[in-house]
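This report looks at the salt bridges of one protein chain and at the surroundings of their charged side chains, and then turns to a pair of strands. The structure is shown first.

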Amino acid sequence: MKTLTDEKLTIVGAAGMIGSNMAQTAIMMGLTSNICLYDPYAPGLEGVAEELFHCGFEGVNITFTSDIKDALTDAKYIVNSGGAARKAGMTREDLLKGNAAIAEEFGKNIKAYCPDVKHIVVIFNPADITGLITLLYSGLKPSQVTTLAALDSTRLRSELAKHFGVSMDVVENCRTYGGHGEQMAVYASTAKVDGKPLTDIIGTDALTKDQWTEIQAKVTKGGANIIALRGRSSFQSPSYVSIEMIAAAMGGRPFRWPAGAYVSNGKFDHIMMAWETSITKDGVALKEVKGTPEEEADLEKSYKHLCALRDEVIGMGVLPPISEWHALNPNIK
């Protein structure tokens with residue numbers, strides 16, 4: 001099997017539903033011949049490895065370990081889903097304290113065991129904050145760390161396709177920016193349905209303003225809806241989309257959706273948030289984000305919400321004050 005690379009990809013949290021699906025997706029997409037599975041829960045991890053062995057994949061060496069040093073040593077790409085899972089009644093922000101500590105330890109382990117890693121994708125929630133913590137403690141460049149924010153945009157496409165009764169293929173350029181949480185900014189101005197701008201449809205009988213408001217609410221609560229329907233948090237969609245992200249970083253097909261990235265541009269500063277980006281072998285680069293005045297106001301609200309979460313983590317002592325970030329990671333200005 002021809003792969004994008006022979007370099008080591010480590011899946012952190014591989015015993016979980018997201019992690020195990022990420023591993024299988026990475027193999028089926030032909031990302032690399034060298035995949036390492038890591039999880040502190042050894043029996044579950046071995047079970048995942050056994051299942052993958054039983055698939056009969058060819059051209060790939062699958063290893064597994066519960067030793068974080070072994071898992072990260074020589075890793076060039078990492079996808080981490082290793083935080084606590086969201087449960088019924090919980091918001092992503094409810095996971096903040098415990099997962100912030102996990103992200104701090106992860107970042108320090110990156111610096112200790114694989115400082116030459118090329119790209120990391122952080123999945124576990126609240127991903128905007130855990131990704132930021134990982135970036136700061138790892139010592140990596142902002143271009144080397146991204147977080148999963150695309151699910152909000154894919155959920156917007158899904159809701160529009162369902163509303164209009166059309167294939168998702170004709171619903172184009174759906175975008176949400178800001179926080180990967182219920183404070184996200186859901187844009188209409190970027191999207192088209194069957195070639196027609198969504199903004200020209202909103203306010204008509206085909207999509208009333210009230211219906212658009214309902215769709216926006218469904219998008220922001222898309223993860224909670226999966227929990228209500230399945231009794232557990234999403235795992236298929238984050239698994240697939242996160243592997244699409246790391247594939248782009250390996251030089252594969254361009255990533256189609258917004259990604260969580262470090263933004264510090266004078267208006268939005270010292271934050272990880274969903275943004276329009278490109279992800280290549282050179283890392284993540286920011287593109288322009290433009291919307292209507294109302295959309296941009298929503299984005300500012302989302303940013304302020306993220307700043308409050310960031311400041312809460314600083315108050316916990318997990319992160320130092322912003323003025324000390326450069327000393328912690330010289331790549332952060």
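In this predicted model, nine salt bridges are counted by the distance rule applied here. Three of these pairs are set out below, each with the computed separation from nitrogen to oxygen.

| Salt bridge | N to O distance |
|---|---|
| Lys108 and Glu104 | 2.8 Å |
| Arg253 and Glu244 | 2.8 Å |
| Glu300 and Lys267 | 3.3 Å |

**A pair within one helix**

Lys108 and Glu104 both belong to helix 4, which spans residues 96–113, and they are four residues apart, or about one turn of that helix. As for their surroundings, Lys108 has a relative accessibility of 42% and therefore counts as partly exposed, whereas Glu104 is classed as buried because its relative accessible area is 18%, which lies under the 20% cut-off for that class.

**A pair that belongs to a network**

Where do the two partners of the bridge between Arg253 and Glu244 stand with respect to solvent accessibility, buried or exposed? Arg253 has a relative accessible area of 54% and so is exposed, since the exposed class begins over 50%, while Glu244, with a relative accessible area of 6%, is buried. The contact is also part of a network of salt bridges, in which Glu244, Arg253 and Arg256 are linked.

**A pair between distant parts of the chain**

The side chains of Glu300 and Lys267 meet in a salt bridge at 3.3 Å. This pair links distant parts of the chain, for Glu300 lies in helix 11 (residues 293–316) and Lys267 in the loop between strand 12 (259–263) and strand 13 (271–275), with their positions 33 residues apart in numbering. Glu300 is partly exposed, with a relative accessible area of 32%, and Lys267, at 43% relative accessibility, is likewise counted as partly exposed.

**The strands on either side of that loop**

Strand 12 and strand 13, the elements that flank the loop holding Lys267, pair in the antiparallel sense over five bridges, and within strand 13 it is Ala274 that stands opposite Gly260. How many of the residues of strand 13 are buried? The strand is mostly covered, with five of its five residues buried.

In a regular strand the side chains alternate between the two faces of the sheet. In strand 13, Ile271, Met273 and Trp275 lie on one side and Met272 and Ala274 on the other, and as these residues are all buried, both faces of the strand are covered.

Methods: Residues numbered from 1 in each chain as written. Predicted model: local features only at pLDDT ≥ 70, side-chain atom pairs only at ≥ 80, totals over all residues. Heavy atoms only, no water. Salt bridge = Lys/Arg side-chain N within 4 Å of Asp/Glu carboxyl O. Helix = DSSP H or I, 4+ residues; strand = E, 2+ residues; numbered from the N terminus. Buried < 20%, exposed > 50% of the residue type's maximum accessible area, 1.4 Å probe, protein only. Pairing = 2+ DSSP bridges.
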